[in-house]
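Colleague: I have just opened this entry and would like to learn how its features are read. Could you take me through them step by step?

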Amino acid sequence: MIAKYGLVYSYSKKEDTLEVYFSDGEINKNVREGDVELFYKDDSVVKANIYGIKKYIKIRINGLIYYPSEEFIALINGY
């Protein structure tokens, strides 16, 4: 179970990215598969980027997302 996380949304006319932070740590490996890129420190996921999420949900904020809804979290968990 993850006790702490951070969500940051970045939007521009060309692309949008949702960054999901799970922990601090130096990243020493990353793997991209489709719209999802995972960043690792050894075997632990430190961060995930979800590209093009605006196809699935409308986010009306650019920057840190405070108090995401249960539906929003369920969508992210679906990835």
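Modeller: Let us begin with exposure, where a residue is called buried under 20% relative accessible area, exposed over 50%, and partly exposed in between. Please keep in mind throughout that this is a predicted model.

Colleague: With those cut-offs, is Y67 buried or exposed?

Modeller: Y67 has 79% relative accessibility, and because exposed means over 50%, Y67 counts as exposed. This tyrosine is found in the loop between β6 and α1, the latter covering residues 70-77, and together with L64 and Y66 it makes a nonpolar surface patch of about 440 Å².

Colleague: How should I read a salt bridge, and how many salt bridges are there?

Modeller: The general idea is a side-chain nitrogen of Lys or Arg within 4 Å of a carboxyl oxygen of Asp or Glu, and by this rule the count comes to two. One of them joins K47 to E19, with the closest N and O atoms 3.6 Å apart. Since K47 lies in strand β5 (residues 44-51) and E19 in strand β2 (residues 16-21), the pair ties together parts that are 28 residues apart in sequence.

Colleague: Are the partners K47 and E19 buried or exposed?

Modeller: Both K47 and E19 are buried; for K47 the relative accessible area is 14%, which falls under the 20% cut-off. Leaving aside residues up to four places away in sequence, K47 touches E19, V20, Y21, F22, E37, L38 and F39.

Colleague: Which residue forms a salt bridge with K55?

Modeller: The partner of K55 is D35, and their closest N and O atoms are 3.1 Å apart. This pair, too, links distant parts of the chain, as K55 sits in the loop between β5 and β6 (63-64) and D35 in the loop between β3 (29-33) and β4 (36-41), 20 residues apart. As for exposure, K55 counts as exposed at 56% relative accessibility, whereas D35, at 26%, counts as partly exposed.

Colleague: Where does K29 lie, and which residues does K29 touch when those up to four places away in sequence are not counted?

Modeller: K29 lies in strand β3 and, on that reckoning, touches L38, F39 and Y40. With a relative accessible area of 40%, K29 is partly exposed, because this value lies between the two cut-offs. A distance can be read here as well: the C-alpha atoms of K29 and D43 are separated by 9.0 Å, while the two residues are 14 residues apart along the chain.

Note on methods. Residues are numbered from 1 along each chain as its sequence is written. This is a predicted model: local features need pLDDT of at least 70, side-chain atom pairs count only at pLDDT 80 or more; totals for chains, interfaces and linings use all residues. Side-chain values use heavy atoms; hydrogens and water are left out. Helices (H or I, at least four residues) and strands (E, at least two) are DSSP runs, numbered from the N terminus. Buried means under 20% relative accessible area, exposed over 50%, partly exposed in between (1.4 Å probe, protein chains only). Contact means heavy atoms within 4.5 Å. Patches are made of residues with over 30% relative accessible area and no salt bridge: like charges are joined within 9 Å, nonpolar side chains (Val, Leu, Ile, Met, Phe, Trp, Tyr) within 5 Å. Accessible areas come from the Shrake-Rupley method with a 1.4 Å probe; for residues, only the protein chains shown count as cover.
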